[in-house]
Number of protein chains: 2
Amino acid sequence: MEKIVVIGLGLIGGSLALDLKQRIECKVYGIDQNPEHIKKAKALGIIDDEIDFSEIKNASVVIIAVPVDIIPKVATEVLNVVSEDTLVFDVGSVKNNICVAIEKHPKRKNYVAAHPLAGTEFSGPEAAILNLFDNKVNILCESDKCDWKILDKALSLFKKLNMRIKMMNPVEHDRHIAYVSHLSHVSSFMLGKTVLEIEKNEQAIFDMASTGFASTVRLAKSSATTWTPIFLQNKENLIRSLEEYIKNLNEFKEMIETGNSEALTETMKSTNYIKTILNGIK
Amino acid sequence: MEKIVVIGLGLIGGSLALDLKQRIECKVYGIDQNPEHIKKAKALGIIDDEIDFSEIKNASVVIIAVPVDIIPKVATEVLNVVSEDTLVFDVGSVKNNICVAIEKHPKRKNYVAAHPLAGTEFSGPEAAILNLFDNKVNILCESDKCDWKILDKALSLFKKLNMRIKMMNPVEHDRHIAYVSHLSHVSSFMLGKTVLEIEKNEQAIFDMASTGFASTVRLAKSSATTWTPIFLQNKENLIRSLEEYIKNLNEFKEMIETGNSEALTETMKSTNYIKTILNGIK
């Protein structure tokens with residue numbers, strides 16, 4: 001019987017716990033600095049029980065699912081106490097800071113830096129759902145620094161969750177994910193903010209929201225507690241992507257102002273190419 | 001047996017034709033300046049037959065579903081020839097220009113300026129689908145200028161399509177829709193453009209696209225032929241909304257640059273309020 005400890009019982013940690021309990025012979029224990037989260041996670045059957053940090057030493061797996069800014073600290077503390085055979089992995093959305101922070105830790109080889117590309121716009125233990133990770137890509141960074149048995153254990157576990165594994169350099173990961181995930185969140189949050197500011201008359205939003213707005217603004221429902229640290233941890237990449245986004249918006253605005261229908265059509269037509277790429281997604 | 005003529009056999013015109021054929025005892029005839037659209041619409045059973053513009057005189061209903069910039073011209077030409085009893089309506093996404101263009105037409109009372117808030121990111125007759133309009137809001141502008149029997153005929157038809165009817169001033173409509181629909185489209189198109197420019201390595205987008213990117217960029221698949229005229233016809237409102245959007249993006253970028261986590265969190269938390277509004281949508 002595996003002893004699995006999940007630190008951070010939010011959407012991702014909670015969903016991992018739910019799936020692991022169904023798919024692996026294990027007991028899942030939870031740690032969360034918010035006592036309400038522990039209570040809810042127990043009530044919802046997400047964890048079997050809570051556990052004190054002092055008792056994680058003999059865990060077979062420790063999963064770190066806390067906000068990205070505190071992952072380096074928690075990762076170090078966990079590595080300090082776990083056994084030689086414990087698999088430790090995190091699920092943070094920014095990877096380089098974490099890889100750097102644990103680089104010289106004597107138990108570096110026990111650590112798998114992972115980023116499962118899965119989630120919803122909801123948060124907290126009550127957002128945890130079954131089967132969240134099936135067929136989703138899980139990016140592993142610097143897996144060559146793991147002990148091969150630890151890595152193999154991680155791969156077995158990820159495959160029980162039906163994840164597709166992709167190895168990636170953490171610097172590359174952070175650069176790509178700034179464009180493909182973090183920028184989408186900023187764009188959506190600011191769309192929500194802009195519309196809320198103008199539409200003091202809420203009924204008008206309510207009535208007119210089936211016009212593509214609902215899907216484009218979906219990510220603006222996401223948790224600020226999760227996303228503030230992500231944006232700050234991936235600051236440089238995100239700033240660069242935002243500058244390019246704003247530049248493109250300004251250019252497009254100018255095309256509208258000058259009534260340049262050819263340039264508008266050409267820009268949109270070439271952007272339609274995103275269809276071809278996204279259609280490939282299973 | 002009603003004789004319904006649909007001018008413009010794209011996503012909206014085609015979907016209206018499909019539903020009307022199922023729900024009303026009628027023959028649906030199509031007009032489209034693209035002979036390929038006529039051929040496809042016939043092959044797909046969207047229309048019963050094509051018809052020449054000279055034969056629309058005795059139609060009971062004429063639906064104008066062409067790009068918004070040519071609606072005023074087509075609307076005038078249609079009103080010039082139809083009978084006293086013909087209901088004419090358009091489904092354009094910008095309403096004031098159209099209302100102004102037909103304001104003094106002797107058959108103004110035959111015209112209902114409508115905007116069904118329904119659609120997908122696809123286009124052309126092959127994008128036409130059944131039941132697209134069920135439970136969607138249909139905004140009618142200046143309906144007080146319609147003959148009551150004509151308006152009542154329109155309401156009967158819209159109710160067969162299970163639409164919810166909302167009356168709105170066309171100036172108000174264009175201002176609201178700039179924020180709630182047109183801005184979403186620009187934001188999504190520019191997100192797609194920014195990511196495509198950077199991610200020369202397509203595989204990376206493909207692999208990482210389950211992270212909210214796919215839903216946020218969905219509207220960037222939309223037809224340039226449809227959207228260029230919409231953006232230009234609603235230029236002033238859209239420019240204003242874009243300026244506010246860009247201003248918000250710049251402010252958010254500065255919060256990230258200066259590491260102002262309090263301001264970031266506060267901004268996102270207050271934007272989360274969009275959840276409450278969108279949750280009300282049936």
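**Note on the two-chain model: domain contact, chain interface and local features**

1. A:Lys221 forms a salt bridge with A:Glu121, and the closest N and O atoms of this pair are 4.0 Å apart. The structure is a predicted model, and the distance should be read with that in mind. Between domain 1 of chain A and domain 2 of chain A the count of salt bridges is two.

2. The division behind that statement places residues 2–168 of chain A in domain 1 and residues 173–279 in domain 2. Taken over C-alpha atoms, the centres of domain 1 of chain A and domain 2 of chain A are separated by 30 Å. Their contact draws 15 residues from domain 1 of chain A and 14 residues from domain 2 of chain A.

3. About 1300 Å² is buried between domain 1 of chain A and domain 2 of chain A, with carbon and sulfur atoms giving 63% of this area. Of the area that domain 1 of chain A buries against domain 2 of chain A, 41% is supplied by A:Ser93, A:Val94 and A:Glu121, which is more than any other three residues supply. A:Glu121 is thus named both here and in the salt bridge with A:Lys221.

4. Polar contacts also link the domains: six residue pairs, both residues at pLDDT 80 or more, are counted between domain 1 of chain A and domain 2 of chain A. On the side of domain 1 of chain A that touches domain 2 of chain A, helix H4 (96–102) and strand E7 (137–141) of chain A each supply at least two residues. The residues of that side of domain 1 of chain A divide into seven nonpolar, five polar and three charged.

5. Turning to the pair of chains, chain B can be laid on chain A with an RMSD of 0.0 Å by a turn of 180 degrees, with a shift of 0.0 Å along the axis. The two copies are therefore related as by a two-fold rotation axis. In chain B, the C-alpha nearest the axis belongs to B:Thr216, and it lies 2.3 Å from the axis. The same surface serves both copies, since 100% of the contact residues of chain B recur in chain A.

6. The contact between the chains takes 90 residues from chain B and 90 residues from chain A, and the two chains bury about 8700 Å² between them, 72% of it on carbon and sulfur atoms. The count of salt bridges between chain B and chain A is two; A:Lys253 forms a salt bridge with B:Glu243, with the closest N and O atoms 3.3 Å apart. Across the interface of chain B and chain A there are 25 residue pairs in polar contact, both residues at pLDDT 80 or more.

7. Which helix gives the largest share of the side of chain B that touches chain A? Helix H6 (residues 170–198) of chain B does, with 23 residues. The residues of the side of chain B that touches chain A divide into 45 nonpolar, 27 polar and 18 charged.

8. Helix H2 (residues 35–43) of chain B is capped at its N-terminal end by B:Asn34, a side-chain oxygen of which lies 2.9 Å from the backbone nitrogen of B:Glu36. Just after H2(B), B:Gly45 takes a positive phi of about 70 degrees.

9. Over all chains the count comes to 38 salt bridges. One of them joins A:Glu77 and A:Lys73, whose closest N and O atoms are 3.3 Å apart. Because A:Glu77 and A:Lys73 are four residues apart in helix H3 (residues 71–81) of chain A, they are separated by about one helical turn.

Terms used:
Residues numbered from 1 in each chain as written. Chains lettered and ligands numbered in written order. Heavy atoms only, no water. Least-squares fit on C-alpha atoms with pLDDT ≥ 70 in both. Contact = heavy atoms within 4.5 Å. Domains from an automatic or database assignment. Buried area = accessible area lost by both parts, 1.4 Å probe. Salt bridge = Lys/Arg side-chain N within 4 Å of Asp/Glu carboxyl O. Polar contact = N/O pair within 3.5 Å; in protein donor to acceptor, adjacent residues only side chain to side chain. Nonpolar A, V, L, I, M, F, W, Y, C, P; charged D, E, K, R; others polar.
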